[in-house]
Amino acid sequence: VSQQAVDLLPEDAGGLRARVMATHARILSGYGRYDEAQSVGLDALAVAERLDLHELASDVITTLSGLKKAGPKEGLRSALADAVERAVATGAVHAEMRARFFMGRSYQDWAEYADAERWFRSAMDTAVAASLPWAPYGFEGRWQLSWVLYVQGDWDQVLELTDVTGEHAPPTVAALLESVRVLVLAARGEPVSDRARALRRHWESEGGVAIHSAAAELAEAARSDDPHAVIDVYRDVVALLGRIWHEWFSARIRLAATTAAAVADRMPRLSAAERAVYLEEVERLHSEGHTVLQKYSDPSGHWGPEGRAWTKRLDAETLRVRWLAGTDAPPQDVLVQVWREAEQLYADMGHVYELAAVRTTLAGILRATGDAAGAREVGDRAREVARALGAQPLLDELRSVGSTPARADGPSDALTAREAEILALVAEGRSNGEIGKQLFISAKTVSVHVSNILGKLGASGRTEAAAIARRRGLLG
């Protein structure tokens, strides 16, 4: 349609033709037709400069700057700085907001958050100063700023920035901010299922709402005992975004990794048959994520810090599921190494919460594989961050990972809390290895607990211990 609009205009249509060509260049860029976009954009810029249309020229420069990603990032930023300067000089506030926003995105793509925050905030402030708080790119500056603050762990400021009480925000705008807000609330353990699901009515009109609110739904569903609920959320959001965007959108890797993590957390509680089913689901997620990676393209060919971190997380969670399922299980050193790599990539990305989450899982794996000192070190680092963030679910998980049997002052036939927990799993027919993986302790430690349990119950074996426990009502 935009090409038809260009064709309908005569060469001497002046400013109108330049504006239509500028729009056409942006559309071509959006569909990945970068060479054509550059050609059309340069023609539009030439007309805009000849007619002294400063706002349009700034806008076109911003579009063209996005095509310079194939070169050094400094080239992109130089072009955007030029666009900002032109817009400020001529009072072209909309072009200024757009250029400032894309400058912020450039720094965000490279995980240079201090500069990203500065530029996003300037786009937002420009919009507010012009009494246009919800204008395109001015508002997006506020939305992306809230995401950058979320990644950096400044969650209280996120909650302030996403609170639109009394601001009369348009519905989709409010939904975008709410989608980041529920991520914080979910990570702090607050029930958000109703709020997150209420955002589904905005998925069709704004994919950004779908990505963030689906992540919050996944976090909520992960707390249930039904891993299929997590799979359902993933399928819903992928189907929707695949229809309004394209099937292999880049954020699908993040969603797949988050889904795989939730399934992995539930694996020890599943029967052998169920484990086989969900292992197959996770293998499918892994395959789909790597298909995205193969098909992903942008003019830079650059897969940034965020993309690398989530891709490695998907690999790590898939290995964890195989290890827990006992099917194609990786050697312990390989499992630990991949999780160490994920830890480093989230540190490189600067994602405070996800780094703590990775360290929490890694601590459990280290403890289960016999590295108690390593588990303690990694767990302590995760715990410090979780406390600062108020991330209660992480703290609860870390407490489970690091728990040790309660010791009475003198001999006692009473079972400790850990022994009662292990006895319940013994009664379910779980092996020492399976129990160790579920409780993130070594099989050897489980064996010691089982011996203590048998002695306290006066049982000759696991079957008799289970029978005694049922008679005494010890299994709840």
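How much area does the protein chain expose, and what share of it do carbon and sulfur atoms supply? The exposed area comes to about 21300 Å², and carbon and sulfur atoms supply 50% of that. Keep in mind that this is a predicted model.

**View 1. The whole protein chain, built with 24 helices and zero strands.** Taken along the principal axes, the C-alpha atoms fill a box of roughly 100 × 40 × 40 Å. Of the 476 residues in the protein chain, 52% are buried. Look at contacts with a separation of 6 or more, and 62% of them turn out to join residues 24 or more positions apart. As for charge, there are 55 positive and 66 negative side chains, with the centres of the two sets 5 Å apart.

**View 2. Residues 403-412, a stretch to take with a pinch of salt, with pLDDT below 50.** The protein chain as a whole has a mean pLDDT of 87, and 93% of its residues reach 70 or more. Over residues 403-412, though, the pLDDT is below 50. Beyond near neighbours in sequence, this stretch has six contacts in the model. Where pLDDT is low, the predicted coordinates shouldn't be read in detail.

**View 3. Phenylalanine 101 and phenylalanine 120, a tilted aromatic pair.** A search of the whole structure turns up 10 aromatic pairs, and this is one of them. The two rings sit 5.7 Å apart, centre to centre, with 45° between their planes. What does the pair tie together? Phenylalanine 101 belongs to helix H6 (residues 93-109) and phenylalanine 120 to helix H7 (residues 113-129), so the pair ties together parts that are 19 residues apart in sequence. Phenylalanine 101 and phenylalanine 120 are both buried.

**View 4. Tyrosine 150 and tryptophan 155, a stacked aromatic pair.** Here the ring centres are 5.6 Å apart, and there's 5° between the planes. Why does this pair count as stacked? Its planes are 5° apart, and planes under 30 degrees apart count as stacked. Is tyrosine 150 buried or exposed? Tyrosine 150 has a relative accessible area of 4%, so it's buried. Tryptophan 155 is buried as well, with a relative accessible area of 1%.

**View 5. A cluster of rings that includes Phe101 and Phe120.** Step back from the tilted pair of View 3, and which residues do ring pairs link into a cluster? They are Phe101, Phe102, Phe120 and Tyr137.

Technical notes. Residues numbered from 1 in each chain as written. Predicted model: local features only at pLDDT ≥ 70, side-chain atom pairs only at ≥ 80, totals over all residues. Heavy atoms only, no water. pLDDT = per-residue confidence, 0-100. Contact = heavy atoms within 4.5 Å. Helix = DSSP H or I, 4+ residues; strand = E, 2+ residues; numbered from the N terminus. Buried < 20%, exposed > 50% of the residue type's maximum accessible area, 1.4 Å probe, protein only. Areas by Shrake-Rupley, 256 points an atom, 1.4 Å probe, with all protein chains shown as cover. Lys, Arg positive; Asp, Glu negative; His and termini not counted. Charge placed at Lys NZ, Arg CZ, Asp CG, Glu CD. Phe/Tyr/Trp six-rings, centres within 6.5 Å; stacked < 30°, edge-to-face > 60°.
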